[in-house]
Amino acid sequence: CNVGIINGLSGWMSSLDDAPADTITRRFRYDVALVSALKDLEEDIMEGLRDSELDDSVCTSGFSVMIKESCDGMGDVSEKHGGGPAVPEKAVRFSFTVMSVTLVTDDKEGEVTIFTEPKPNSELSCKPLCLTFVDESDHETLTAILAPIVAERNAMKESRLILSIGGLPRSFRFHFRGTGYDEKMVREMEGLEASGSTYVCTLCDTTRSEASKNMVLHSITRNHEENLERYEIWRKNPYSESVDELRDRVKGVSAKPFMETQPTLDALHCDIGNATEFYKIFQDEIGEVYTKVNPSREERRSWRTALDKQLRKKLRLKPVMRMNGNYARRLMTQEAAEAVCELVPTEERREALRELMRLYLQMKPVWRATCPAKECPDQLCRYSFNSQRFADLLSSTFKYRYNGKITNYLHKTLAHVPEIIER
């Protein structure tokens with residue numbers, strides 16, 4: 001159905017500060033929020049014009065604003081000592097960041113950048129647009145709440161905003177880039193199957209077994225338009241195929257894509273996913289899995305205990321139930337690899353582990369950096385080479401782990417990082 005802008009305040013005249021008890025969501029109108037964000041930047045924009053030596057009175061049109069959109073679930077927000085209204089104990093926050101303001105001038109070639117957000121990944125530059133009591137896995141409720149945002153954004157893509165900045169009315173155009181989503185949210189927004197799917201990647205069409213055989217050579221092929229087309233094929237099944245054939249044709253797009261996202265890699269979850277993988281490799285190496293056929297559960301448990309004990313002794317790393325960012329950062333260090341090597345029986349396996357960690361630490365800054373081309377140009381240049389070496393190691397020395405399977409983030413780390421950055 002065609003969703004107009006839902007007025008969340010209709011028929012309610014009390015003060016705006018305290019939402020009534022049964023409110024499930026609070027949101028700003030997108031255009032109003034953008035005006036407010038630009039007014040906050042008024043001084044920066046004026047300063048940028050002065051720095052570029054652009055005559056203030058001439059620059060009234062041609063401003064372009066790049067907006068980064070983000071949306072994520074917020075886990076457990078339940079009341080610890082009840083008494084409030086019954087609301088879902090999870091929340092979702094949709095927010096945006098003004099990445100840059102540029103000006104297309106007549107005389108100067110191309111665009112002049114008037115303002116760039118110095119810390120685009122900081123929570124301080126991230127402005128909330130919509131806060132919702134809803135589980136991010138509840139697709140129906142989530143899409144009902146975010147649909148008006150999509151509608152408003154589509155309306156703004158086509159139009160211009162005229163806003164008084166520095167005492168003169170100026171005309172702004174907005175460009176929206178949905179890059180602040182983790183993989184779970186991207187799959188939900190783009191109509192892909194959940195992350196355990198055979199179709200391991202949100203950026204290309206590879207299957208898990210293909211990705212484990214060919215670890216490095218993939219390019220980004222998926223996009224929003226194509227996902228929409230594939231959904232229509234899934235819905236209509238024009239060639240009257242069986243479910244398996246049809247699913248292979250649409251490469252796992254089996255729901256209607258709802259919001260456009262841009263190809264990115266969520267660095268935090270990439271850290272966590274890869275650290276989990278290394279943690280398992282460490283256990284397997286301590287137990288020399290490559291020589292065994294089917295180790296029992298007890299054996300595996302004893303290796304894990306040995307690993308935890310060693311990490312606690314050497315690095316003061318307490319075991320955690322679920323891998324988190326801090327643990328991942330401490331685990332992915334050369335000293336952690338050295339500590340593990342003390343428990344690995346043979347020298348050649350130790351050498352392979354050290355090499356694996358060394359390559360990983362060469363690659364990691366590239367997808368952690370805000371601006372890799374500026375912050376770590378050397379590592380960026382060597383990335384493809386390093387990822388190829390890393391993949392060779394996995395498919396030879398550690399092939400017992402990567403026989404027909406690979407994790408989503410490891411695939412992205414090895415295959416897609418340079419192209420994401422280039423884009």
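These questions and answers go through some labels used for this predicted model.

Q: Why is Ser64 called buried?
A: Its relative accessible area comes out at 12%, and the label buried applies to anything under 20%. So Ser64 gets the label buried.

Q: What makes the pair Ser64 and His175 a polar contact?
A: The two side chains come to 3.2 Å of each other, and the cut-off for such a pair of N or O atoms is 3.5 Å. So this one counts as a polar contact. His175 also turns up in the list of residues that Ser64 touches beyond its neighbours within four places in sequence, along with Ser100, Val101, Thr102 and Arg173.

Q: How do you know that strand S3 is largely enclosed by the rest of the structure?
A: Count the buried residues: S3 covers residues 90-104, and eleven of its 15 residues are buried, so the strand is largely enclosed.

Q: What makes S2 and S3 a pair of strands?
A: Pairing takes at least two bridges, and S2 and S3 have twelve, in the antiparallel sense. Ser64 sits in S2, which spans residues 63-76. For a concrete bridge, look at Phe63, whose partner in S3 is Leu103.

Q: How do you know that S3 pairs with S5 and with S4?
A: Same test, with at least two bridges needed. S3 has five bridges to S5 (residues 127-132), running antiparallel, and Phe96 has Lys127 as its bridge partner there. Five bridges also join S3 to S4 (residues 111-116), again antiparallel. In that pairing, Ser100 stands opposite Thr116.

Q: Why is H8 called roughly antiparallel to H12?
A: The axes of H8 (residues 267-286) and H12 (residues 347-368) cross at roughly 180° and come within 12 Å. Angles over 145 degrees count as roughly antiparallel, so the label fits H8 and H12. Among the residues making the contact are Phe278, Ile281 and Phe282 of H8, and Leu353, Met357 and Trp367 of H12. By class, the contact has eleven nonpolar, one polar and five charged residues.

Q: How do you know that H1 and H3 are in contact?
A: Contact calls for heavy atoms within 4.5 Å, and Tyr30, Asp31 and Leu34 of H1 meet Ile149, Glu152, Arg153 and Met156 of H3. H1 (residues 30-40) and H3 (residues 139-158) pack at about 65°, with axes 9 Å apart. The contact divides into four nonpolar, no polar and three charged residues.

Conventions: Residues numbered from 1 in each chain as written. Predicted model: local features only at pLDDT ≥ 70, side-chain atom pairs only at ≥ 80, totals over all residues. Heavy atoms only, no water. Helix = DSSP H or I, 4+ residues; strand = E, 2+ residues; numbered from the N terminus. Buried < 20%, exposed > 50% of the residue type's maximum accessible area, 1.4 Å probe, protein only. Polar contact = N/O pair within 3.5 Å; in protein donor to acceptor, adjacent residues only side chain to side chain. Axes fitted to C-alpha atoms, helices over the stretch in contact; angles between N-to-C directions. Parallel < 35°, antiparallel > 145°, perpendicular 65-115°, else oblique. Nonpolar A, V, L, I, M, F, W, Y, C, P; charged D, E, K, R; others polar.
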